[in-house]
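Visitor: I'm new here, so could you walk me through this one in plain words?

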Amino acid sequence: MITTANRLEGIGEYYFSQKLREIEQLNKQGKKVINLGIGSPDLPPHPDVIKELQETSALSDTHAYQGYKGIPALRSAFSNWYQEWYGVTLDAESEILPLIGSKEGIMHICMTYLNEGDMALVPNPGYPTYRSAVKLAGGTCIDYKITGEEYAEIDFEELETVVQKYNTPIVSSGANTVKDGRIKLMWVNFPHMPTGKRAARGLFEKLIAFGKKYNMLICHDNPYSFILNSNPTSILSVEGAKDIAIELNSLSKSHNMAGWRLGVMVASARRINEVLRFKSNMDSGMFLPVQRAAVKALRLGNEWFTQINKIYGQRREKVFQLLDLLGCSYNTDQVGMFVWASIPAHEDSGFSFSDKILYSTGVFITPGGIFGNQGDQFIRVSLCSKPEVLDESIQRIKLFQEKIQIV
């Protein structure tokens, strides 16, 4: 009998992949489910971006394989974008690596740096792909908690006790004297998904110092910095960050280009070249018209972000209304394209609460437990639905509650 590889042990099918099949079956039964779960932007990219894709695709010489590092114009556009919005200077030739989506980059990084038995710190709650990618690369996950209210905190004292079991603090960084510890990297993500918390003041500086002290890569996933957030930040803005940090970014959320698969890794030239050794064996470059369109997107000004954030802000108010009806509590200052909320005290878990809402009202809301056990008592609602869809969700919940009261 042919069996699957050992690396798949403990790796289940992605939650949303399973749940979407369940929702599809409900729809076939006439349920007409409203999906408020996945953060897939329903808004289109800027018209100029679409026009660029159309015009470039129509040319006869744009359909060949492309270079593994992306075209110079795209790397230059990313460099200018980082300078303008994050205040970070990047060398377009050596410190930028375009990706076919930043989710791809998570896997590339884990496969590049983790050996069998190595460990990685992952946030709990946190994006499930960090955990899956670490495991698929043969690594072991060590959870750390995200605390705080509006701003995220990390208990570095608690982390120290864990890390010192495996990594020796670096007293001197003399040439060729530092060896890798078993904890090779740490995944961080601010603004944080799923909680919507921004990094507390000085957190990036603490992370860089922590990474240098224990010789571990700090891998910052940064796709939500423009959504309902007036102060986009990059971990590479910290002095000396390139010595120990890698950042992933994406146009999926900021420019409504999720299906285009447009991401980027920014880091020192050394890190770019190391990851490229793996990546260049996995793909054959990004479709040229998509790269050209990305250049156009990266040149959009503040008016673009103001426009989309006005829309998300209006939607967020409606989601607050929905959560109030459900008896949930939440922080009104969270950012990103979701709202994270704690479930009523009498409910058992986010999973059972989500299913109760789904099967009684036909509205699907993500259970917080898929992001780690620290999310078991939470749910997450996406802002990627039009106002009329959110209004319909509110009405369905109201109608259900009225029926309960009558009974």
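Guide: Happy to, and one term comes up front: a residue is buried under 20% relative accessible area, exposed over 50%, and partly exposed in between. Keep in mind that this is a predicted model.

Visitor: Let's use that term, then. Is arginine 261 buried, exposed or partly exposed?
Guide: Arginine 261 sits in the loop between E9 and E10, and its phi is positive, about 55 degrees, although it is not a glycine. Its relative accessibility is 30%. Partly exposed lies between the 20% and 50% cut-offs, so arginine 261 counts as partly exposed.

Visitor: What about asparagine 215: buried, exposed or partly exposed?
Guide: Asparagine 215 is in the loop between helix H7 (203–214) and E8. It isn't a glycine, yet its phi is positive, near 50 degrees. With 21% relative accessibility, asparagine 215 counts as partly exposed.

Visitor: Moving inside, which helix gives the most to the largest nonpolar core?
Guide: That core has 125 residues, and Trp81, Leu121, Ile154, Met186, Trp187 and Leu207 touch the most other members. Trp81, for instance, touches residues further off in sequence, including Phe226, Leu251, Leu298 and Phe305. As for the helix, nine residues of the core come from residues 302–326, that is, from H10.

Visitor: Which strands of the open four-stranded sheet does H10 touch?
Guide: The sheet runs in the order E11-E12-E15-E14 with antiparallel pairing, and its edge strands are E11 (329–330) and E14 (366–367). H10 packs on this sheet, at about 20 degrees to the direction of E12. The strands H10 touches are E11, E12 and E15.

Visitor: How many bridges join E12 to E15?
Guide: E12 covers residues 338–342 and E15 covers residues 378–382. Alanine 341 stands opposite isoleucine 379 in E15. The two strands run antiparallel, and the number of bridges joining them is five.

Visitor: Which residues does lysine 318 contact, leaving aside its neighbours within four places in sequence?
Guide: Lysine 318 has its place in helix H10 and, at 21% relative accessibility, counts as partly exposed. Its C-alpha atom is 9.9 Å from that of glutamate 388, 70 residues apart along the chain. Its contacts are Pro387, Leu390, Asp391 and Ile394.

Visitor: How many residues of strand E6 are buried?
Guide: E6 pairs in the parallel sense with strand E3 (residues 119–124) over three bridges, with leucine 121 partnered by methionine 186. Four bridges join E6 to E8, also parallel, and there valine 188 has histidine 220 as its partner. E6, residues 183–188, is mostly covered, and the buried count is six of six.

Visitor: Which proline follows phenylalanine 190 through a cis peptide bond?
Guide: There is a cis bond between asparagine 124 and proline 125, with omega about 5 degrees, and proline 125 is in the loop between E3 and H5. The bond from phenylalanine 190 is cis too, with omega near 0 degrees. Its partner is found in the loop between E6 and strand E7 (198–199), and that partner is proline 191.

Visitor: Is the crossing of H4 and H5 left-handed or right-handed?
Guide: The axes of H4 (residues 102–113) and H5 (residues 128–136) come within 8 Å and cross at roughly 35 degrees. Where they meet, the contact has eight nonpolar, one polar and one charged residues. The crossing is right-handed.

Terms used
Residues are numbered from 1 along each chain as its sequence is written. This is a predicted model: local features need pLDDT of at least 70, side-chain atom pairs count only at pLDDT 80 or more; totals for chains, interfaces and linings use all residues. Side-chain values use heavy atoms; hydrogens and water are left out. A nonpolar core is a set of buried Ala, Val, Leu, Ile, Met, Phe, Trp, Tyr and Cys residues joined through side-chain atoms within 4.5 Å. Buried means under 20% relative accessible area, exposed over 50%, partly exposed in between (1.4 Å probe, protein chains only). Contact means heavy atoms within 4.5 Å. Axes are lines fitted to C-alpha atoms, for helices over the stretch in contact, and angles run from 0 to 180 degrees between N-to-C directions. A crossing is left-handed if the near helix is turned anticlockwise from the far one by less than a right angle, and right-handed if clockwise. Ala, Val, Leu, Ile, Met, Phe, Trp, Tyr, Cys and Pro count as nonpolar, Asp, Glu, Lys and Arg as charged, and the others, Gly among them, as polar. Two strands pair if DSSP finds at least two bridges between them.
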